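Welcome to a short set of exercises with worked solutions. Please open the structure and follow along step by step.

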Amino acid sequence: MTQEQSQAQLQAAYSEAFAMLKTGRAATAERQLRAIQAAGPGEANSLHLLGAALLYQDKVPEAIQVLERAVAARPNFWQARTDLARAYRAAERREEAREELKRVVAAAPLLESAWLAYGDLLVELEKYPDALFAYERARLADPHVRRIEQAREALSAEEHKTAEAIFRDVLRADPAHVAALCGLAAISLTASRPQDAVRLLKHAQKQSAHLPLTRRGLSQALLAQGALPEAESTIRGLLKMEGENPNNWMLLGTVYARLMRQEDALEAFEEAARLIPDEVRLRLSIGHANKTLGRRSECEQAYQRCLEMSPGFGEAYWSLADLKNYLFSDAEIASMQALLKGEDGDDEDQAHLHFALGRAFEHKKDYPRAFEHYATGNRRRRKTVPFEIGSFENKTRRVRECFDPAFFASRAGTGYPDPSPIFIVGLPRSGSTLVEQILASHSCVDGTFELPNLLTIVREFDHADAVHDAYPEIVCTAPAEHLGNLGRRYIEETAPLRGARPHFIDKMPNNFSHVGLIQAILPRAVIVDVRRHPMDACFSTYKQHFAEGQSFSYDLEDLGRYYRCYLNLMDHWDEVLPGKVLRLQYEQLIREPEAQIRRLLMHCSLPFEPACLSFHETKRSVRTASAEQVRQPLYTSGVGYWRHFEAQLAPLRRALGEALDRFSEIE
């Protein structure tokens, strides 16, 4: 081989290693760069890149040694000096890092990476205004700055394909471009792929540890993923730099609300409102936090303040209606009616108004008029949250076929054997919040809320194929060790949401579809199915505007077919996991509470405690649509309530069909 051929080969290997490092494959790049150094010891470019690869892997002492050799070989190698400063910072040799970076930005003021590194260092030196200045200099020095601005404009206009194309184009030129990685992460979040967003943002953090853009995106991704303590820590770091940014306070408030730290959430929302006093949705969040805390007066005042600020704000009217026993005045009803726009106007806003008017006329016992508004509200809401009941029926069939007796027999003794979770499943508006409140009144049980963690695991399984429909079959091929690890992950992720009691509640009703998965990953978990007469359960769901999820609930026929899927699946779990699930009938619970509560506690292996009978006196945060009702003693007025709307509910009755025969004794 000629010397020229040898040099060409080394250059190709160097380019390949450079690409590996830029895409985060630092260990592979390190191996290749060591081979290059063996062929040409002391060559400055490959020596620098080797040091950068070592730093990426947190091999800091060795990275410093290698980078110091690169700088000694070529003193004006500014990128090598930048990476050496980053290594000094990682080793907490901050003054040396600062001297290096001051030299670099003076000599090479258009080197973007040097300004990013300088910003990171200044954050750790708690010189936050100077850090923000450095980050802005980095943005302006970015050769792709105009393309990034175009992509962000497209993203703001919800032109996601255009934005993604630009971000990917930038990343082809620079695979470690921080702003482009953050942009792709934002698109992943809109597509409900938080794990992809976290991966992209962690890679971006390797280029700049404290850049506000990266920290903010990572906070949102961690929140979506359910990694709440890490999200809180990330936002806290962000607030040190941008304490006057209301978006950061809103994000922190949302994290605290998810952590059930409602007082802290309220404080964060109020701080955001101080910074932007005219933002009506912040007042709404303040109202929701007060509702969760059981502060009815403050809650109403916040919702009323929303209407003072924005008289046409339909969601504020619905929030008042959702207090269940709020009585609208004739003037308030007239105001809502004046805001109706027929088939025009924003679907979401008009839906809120119709649901609120339905509740208002229901309280006046004008049931036909109430139903007319509920029907219109549901029709408008369905436009914004489409649902294919046929797809759900097919998925239900596949779940039954996958989780058969052979599946459980082959996995006996596997999973993560933690006995602490108590899952409450069923349909919304069927008494699950009541049962949660009863159990949370026990000295051995922590109440939480509707935890998304299991559904996140299901979503990750689903996204394992190109059409995002790999679940449930993929579970059948999952190794036992992986299923056990998922159980451990669930316990670890939910730990920040509970106290020190030996048991905690996960009250996500939709988990009825995933009883088989629960058994596979957490075989000692307790499961309770709270069931209500289908006509009452479905109508109560139909007249509820859910903030998110429950997209099946906005059509009467879909509701009936969905309820039948629920019954079929619960029958299946009883067959393949006999005795696993306790069936608790809502109507029996309110008619004979002590007997049913004793039965419930026995299933949970808990001794009876009188506090469970006086559950309405338990002081705790409640976030669901039933928050107001569970703070009252038991009442029977909800049993058979659907009969006020019997004629209008004929489509529901037809869709339920023979399923109604199973409930003839409790009608």
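**Exercise 1.** Describe how the axes of α15 and helix α16 are placed relative to each other.

*Solution.* Start with the distance: in this predicted model, the axes of α15 and α16 (residues 262–275) come within 8 Å. Next, take the angle, as the two axes cross at roughly 165 degrees. Angles over 145 degrees count as roughly antiparallel, and α15 and α16 are therefore roughly antiparallel to each other. Finally, the handedness: the crossing of α15 and α16 is left-handed.

**Exercise 2.** Find the residues that make this contact and sort them by class.

*Solution.* On the α15 side, look for Pro 246, Trp 249, Met 250, Leu 252, Gly 253, Thr 254, Tyr 256 and Ala 257. Their partners on α16 are Gln 262, Asp 264, Ala 265, Ala 268, Phe 269, Glu 271, Ala 272 and Leu 275. Sorted by class, the contact of α15 with α16 has 11 nonpolar, three polar and two charged residues.

**Exercise 3.** Now repeat the analysis for helix α14 (residues 228–241) and helix α15 (residues 246–258).

*Solution.* The axes of α14 and α15 come within 10 Å and cross at roughly 155 degrees. With the cut-off for roughly antiparallel at over 145 degrees, α14 and α15 are therefore roughly antiparallel to each other. The crossing of α14 and α15 is left-handed. Leu 228, Ala 231, Glu 232, Ile 235, Arg 236, Leu 238 and Leu 239 contribute from α14, while α15 offers Asn 248, Trp 249, Leu 251, Leu 252, Val 255, Tyr 256 and Arg 258. By class, the contact of α14 with α15 counts 10 nonpolar, one polar and three charged residues.

**Exercise 4.** Classify the ring pair of Phe 392 and Tyr 562, then place both residues in the chain.

*Solution.* As background, the structure holds 32 aromatic pairs. The ring centres of Phe 392 and Tyr 562 are 4.4 Å apart and the planes lie at 20 degrees, so the pair is stacked. Phe 392 belongs to helix α23 (residues 389–402) and Tyr 562 to helix α31 (residues 556–576). With their positions 170 residues apart, the pair links distant parts of the chain. Both Phe 392 and Tyr 562 are buried.

**Exercise 5.** Where is Ala 464 placed, and which residues does Ala 464 touch?

*Solution.* Ala 464 sits in the loop between α26 (453–462) and α27 (473–477). Leaving out residues up to four places away in sequence, Ala 464 touches Ala 470 and Ile 474. For a wider view, Ala 464 and Val 515 are 51 residues apart in sequence and 20 Å apart in space, C-alpha to C-alpha.

Key
Residues are numbered from 1 along each chain as its sequence is written. This is a predicted model: local features need pLDDT of at least 70, side-chain atom pairs count only at pLDDT 80 or more; totals for chains, interfaces and linings use all residues. Side-chain values use heavy atoms; hydrogens and water are left out. Axes are lines fitted to C-alpha atoms, for helices over the stretch in contact, and angles run from 0 to 180 degrees between N-to-C directions. Helices (H or I, at least four residues) and strands (E, at least two) are DSSP runs, numbered from the N terminus. Angles under 35 degrees count as roughly parallel, over 145 as roughly antiparallel, 65 to 115 as roughly perpendicular and the rest as oblique. A crossing is left-handed if the near helix is turned anticlockwise from the far one by less than a right angle, and right-handed if clockwise. Contact means heavy atoms within 4.5 Å. Ala, Val, Leu, Ile, Met, Phe, Trp, Tyr, Cys and Pro count as nonpolar, Asp, Glu, Lys and Arg as charged, and the others, Gly among them, as polar. Rings of Phe, Tyr and Trp (its six-membered ring) pair if their centres lie within 6.5 Å; planes under 30 degrees apart count as stacked, over 60 as edge-to-face and the rest as tilted. Buried means under 20% relative accessible area, exposed over 50%, partly exposed in between (1.4 Å probe, protein chains only).
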